[in-house]
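Please look through the structure shown here before reading on. The paragraphs after it go from one region to the next.

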Amino acid sequence: MIETERLTLRPWTEADRAPFVAMMGDPDVGYWLGGALNPQAAGAAFERMRQFWAEHGYGQLAIESKADGALVGRVGLRRQPGAWSHPMSGAVEVGWLLARQAWGHGYATEAAAAALAWGFPTLDVQVIHSWTARSNTRSEAVMRRIGMTRAPHLDFEHPDLAEDHPLRPHVVYLTER
Ligand SMILES: CC(C)(COP(=O)(O)OP(=O)(O)OC[C@H]1O[C@@H](n2cnc3c(N)ncnc32)[C@H](O)[C@@H]1OP(=O)(O)O)[C@@H](O)C(=O)NCCC(=O)NCCS
């Protein structure tokens, strides 16, 4: 459990399922993640997130608002599989997502800074990366606000997206311990 000024970052409980499914089904959120998820797919994603925690002892944290106890998003870390056919395979990534109504309050920045500080000792790594579609300027702004450094030599074209897909070009940032 991590406390910040306005937020609690914590493991998931069953009560988070419905707001998580709603958040992942929102087209404004889903656009940046390859499409909104229907309730069944979002429920499966919820299970995978909890399973990842059970297996690895770290992962995505629920972001809860201290003001009203609402689930406002998720933030967390993932060591990408080494065998993954992706330019960032093997890297530790910090990532975030907020429910649409929670955008514009600085919650992602507040949560991401805390997750980054938690990540170095938890995963015992020297570098944590973050990447996003070049057009996802809101996510890139979070990277800058938490002090990550642009790493243009690592920029890549997402291998799972078609050549003309608007989200294919990706930018990469990193932070050293
Ligand atoms: C990426 C994402 C989390 C960014 O959310 P966000 O609300 O823009 O980012 P923050 O929570 O850090 O909020 C920053 C904004 O809150 C404003 N803000 C208001 N009150 C604030 C406060 N008390 N403290 C800090 N910032 C505050 C900032 O000025 C900034 O506004 P701006 O966008 O007009 O410049 C969100 O757009 C999202 O969930 N997108 C879909 C999922 C996604 O793309 N995930 C990343 C995939 S790589």
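In this predicted model, helix α3 is a convenient place to start. Its buried residues are A42, G43, A45, F46, M49, F52 and W53. A general point about helices helps in reading such a list. An α-helix has 3.6 residues a turn, so residues three or four places apart point the same way. The buried residues of α3 pack against four elements: α1, β3 (60–65), β4 and α4. As for its dimensions, α3 is made of 18 residues and spans 26 Å from its first C-alpha to its last, close to the 26 Å expected at 1.5 Å a residue.

One of the buried residues of α3, F46, leads to the aromatic rings. A search of the whole structure gives seven aromatic pairs. In one of them, F20 and F46 are tilted, with 5.5 Å from centre to centre and 45° between the planes. F20 belongs to helix α1 (residues 17–24) and F46 to helix α3, so the pair ties together parts that are 26 residues apart in sequence. Both F20 and F46 are buried, where buried means under 20% relative accessible area. Ring pairs also bring in W12, which forms a cluster with F20 and F46.

Next comes the largest pocket. The space in the largest pocket is about 1700 Å³. Its lining has 49 residues, and W32, L33, R74, E93 and W96 are the closest to its centre. Helix α3 appears again here, as one of the elements that give two or more residues to the lining; the others are α2 (27–30), β4 (71–79), β5 (92–98), α4 (107–123), β6 (127–133) and α5 (137–145). Which element gives the most to the lining? Strand β5 does, with six residues. Sorted by kind, the lining residues are 23 nonpolar, 19 polar and seven charged.

The last stop is a loop. P159 sits in the loop between β8 (156–157) and β9 (169–176). Is P159 buried, partly exposed or exposed? P159 has a relative accessible area of 38%, so P159 is partly exposed; that class lies between under 20% for buried and over 50% for exposed. Leaving aside residues up to four places away in sequence, P159 touches S85, H86, P87 and R168. In the case of S85, 74 residues separate it from P159 in sequence, while the two are 8.0 Å apart in space, C-alpha to C-alpha.

Note on methods:
Residues numbered from 1 in each chain as written. Predicted model: local features only at pLDDT ≥ 70, side-chain atom pairs only at ≥ 80, totals over all residues. Heavy atoms only, no water. 1 Å grid on protein atoms, 1.4 Å probe; cavity = no way out; pocket = protein on both sides within 12 Å on 5 of 7 lines; lining within 4 Å. Points joined across faces, edges and corners; volume = space filled by probe spheres on them. Nonpolar A, V, L, I, M, F, W, Y, C, P; charged D, E, K, R; others polar. Phe/Tyr/Trp six-rings, centres within 6.5 Å; stacked < 30°, edge-to-face > 60°. Buried < 20%, exposed > 50% of the residue type's maximum accessible area, 1.4 Å probe, protein only. Expected span 1.5 Å × (residues − 1). Contact = heavy atoms within 4.5 Å.
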